[in-house]
Amino acid sequence: MRETRLPQDEQPGGFDVTRPHPARMYDYYLRGKDNYAAGREAAEEVMRRAPQAAPSARENRAWMLRVVRYLVREEGIRQFLDIGTGIPTEPNLHQAAQEVAAECRVVYVDNDPVVLAHARALMASTDEGRTEYIDADLREPEDILARSELQVALDFSRPIALVMSAVGHFVDDLARLREIVTTLSKPLAPGSCLALSHATADFDPATAGAAAAVYGQLRATASMTPRTHAEVLSLFDGCALVEPGVVPVNEWRPYIPAAVGSAESAWIYGGVGEIDGGTGA
Ligand SMILES: C[S@@+](CC[C@H](N)C(=O)[O-])C[C@H]1O[C@@H](n2cnc3c(N)ncnc32)[C@H](O)[C@@H]1O
């Protein structure tokens, strides 16, 4: 008897594959394999309008890993709360952190069911460390903070790095995004840090704006709002920024000095701030 199979994009276990999801589009920019036709087509359209999109995503991922190593080595951080984790891409945040200090603990948060399906891969930790995954929405920060998995995995009397890498641009309203960062920062102990990166249209507003519009035009599950340098900087209010401040991610403490101004310059700003004594203001 002949086997009747649906095309791959129609049978991936209950995920809505008819709409592009930011996590799967990002996976495509990173040359990953966990993406479906709708996401691939949307990502291709973004890349057609702005060829810088995929290199920017790859620069952002490299920035996140450099930042994590910096936080463990230079700031003495051993605990991470990573909001908007993305589909696992090796090395993942916990691997970068635990490579430097095996006891590092990481709580991952995302609202994409595909990331949830891969959560077990994110849970692999060193014996001394720990990883947890929380399926939750960034726009409900109080819910994230109240989750027992978070409270059990992390010690809030000790410093924690709040990582928001390439996720803030999926919140439309800047004032709301600032509130979210403040809410998540507030319970963090002195010595805690905020590591945040965010898409920008500053370098070519027409091109970047047209690319960002694809998320809305192709009905992605979240729209994309690029922000100016001043707006991204405002997310660090109350923090002492570490050098070099908020800069294109490829210029943030590169291991190899970046070719500033090249066609591959990242259209994503990133920075690290030391949160002021847990006030989170
Ligand atoms: C561009 S990816 C970034 C992945 C990873 N942080 C990195 O920088 O490599 C953005 C991630 O944020 C997640 N995300 C978007 N909106 C979210 C929300 N409201 N709550 C939680 N996660 C969200 C997406 O599902 C996706 O996995």
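This report describes the ligand site, the largest pocket and some backbone features of a predicted model.

## The ligand and its surroundings

The ligand is surrounded by 18 residues, and the closest are Tyr-26, Gly-84, Asp-110, Leu-138 and Ser-165. Sorted by class, this shell holds seven nonpolar, six polar and five charged residues. Two helices, α1 (22-29) and α3 (53-74), each contribute at least two residues to the shell.

Several side chains place polar atoms beside polar atoms of the ligand. In Asn-60, a polar side-chain atom lies 3.0 Å from an oxygen atom of the ligand. The side chain of Asn-111 has an N or O atom 3.4 Å from a nitrogen atom of the ligand. For Asp-137, the distance between an N or O atom of the side chain and a nitrogen atom of the ligand is 2.9 Å. On its own, the ligand has 600 Å² of accessible area, and the protein covers 97% of that area.

## The largest pocket

Rolling a probe the size of a water molecule over the atoms shows where empty space is left. Which space does the ligand take? The ligand occupies the largest pocket, whose volume is about 850 Å³.

The lining of the largest pocket consists of 45 residues; those nearest the centre are Pro-22, Ala-166, Val-167, His-169 and Phe-170. Elements that give two or more residues to this lining are α1, α3, β1 (79-83), β2 (105-110) and α10 (205-217). The largest share, six residues, comes from α3, a helix that also supplies at least two residues of the shell around the ligand. By class, the lining of the pocket divides into 28 nonpolar, 11 polar and six charged residues.

## Backbone features in the loops

Most residues other than glycine have a negative phi, and most peptide bonds are trans. Three places in this model depart from one or the other of these patterns, as set out below.

Ala-166, one of the residues nearest the centre of the largest pocket, has a positive phi near 55° although it is not a glycine. Ala-166 belongs to the loop between β4 (161-165) and α9 (174-185).

Two peptide bonds leading into proline are cis. The bond from Glu-90 to Pro-91 has an omega near -10°, and Pro-91 is located in the loop between β1 and α4 (93-100). The bond that joins Glu-243 and Pro-244 has an omega of about 5°, and Pro-244 lies in the loop between β6 (239-241) and β7 (247-248).

Terms used: Residues are numbered from 1 along each chain as its sequence is written. This is a predicted model: local features need pLDDT of at least 70, side-chain atom pairs count only at pLDDT 80 or more; totals for chains, interfaces and linings use all residues. Side-chain values use heavy atoms; hydrogens and water are left out. A residue is near a molecule or strand if one of its heavy atoms lies within 4 Å of it. A polar contact is a pair of N or O atoms within 3.5 Å; within protein, one must be able to donate a hydrogen and the other to accept it, and residues adjacent in sequence count only if both atoms are side-chain atoms. Accessible areas come from the Shrake-Rupley method with a 1.4 Å probe; for residues, only the protein chains shown count as cover. On a 1 Å grid over the protein atoms alone, a cavity is a set of points where a 1.4 Å probe fits but cannot get out, and a pocket is an open set with protein on both sides within 12 Å along at least five of seven lines; lining residues have an atom within 4 Å of a point. A molecule sits in a cavity or pocket if more than half of its atoms lie within 2 Å of its grid points. Helices (H or I, at least four residues) and strands (E, at least two) are DSSP runs, numbered from the N terminus. Ala, Val, Leu, Ile, Met, Phe, Trp, Tyr, Cys and Pro count as nonpolar, Asp, Glu, Lys and Arg as charged, and the others, Gly among them, as polar. Grid points are joined across faces, edges and corners, and a volume is the space filled by probe spheres set on the points.
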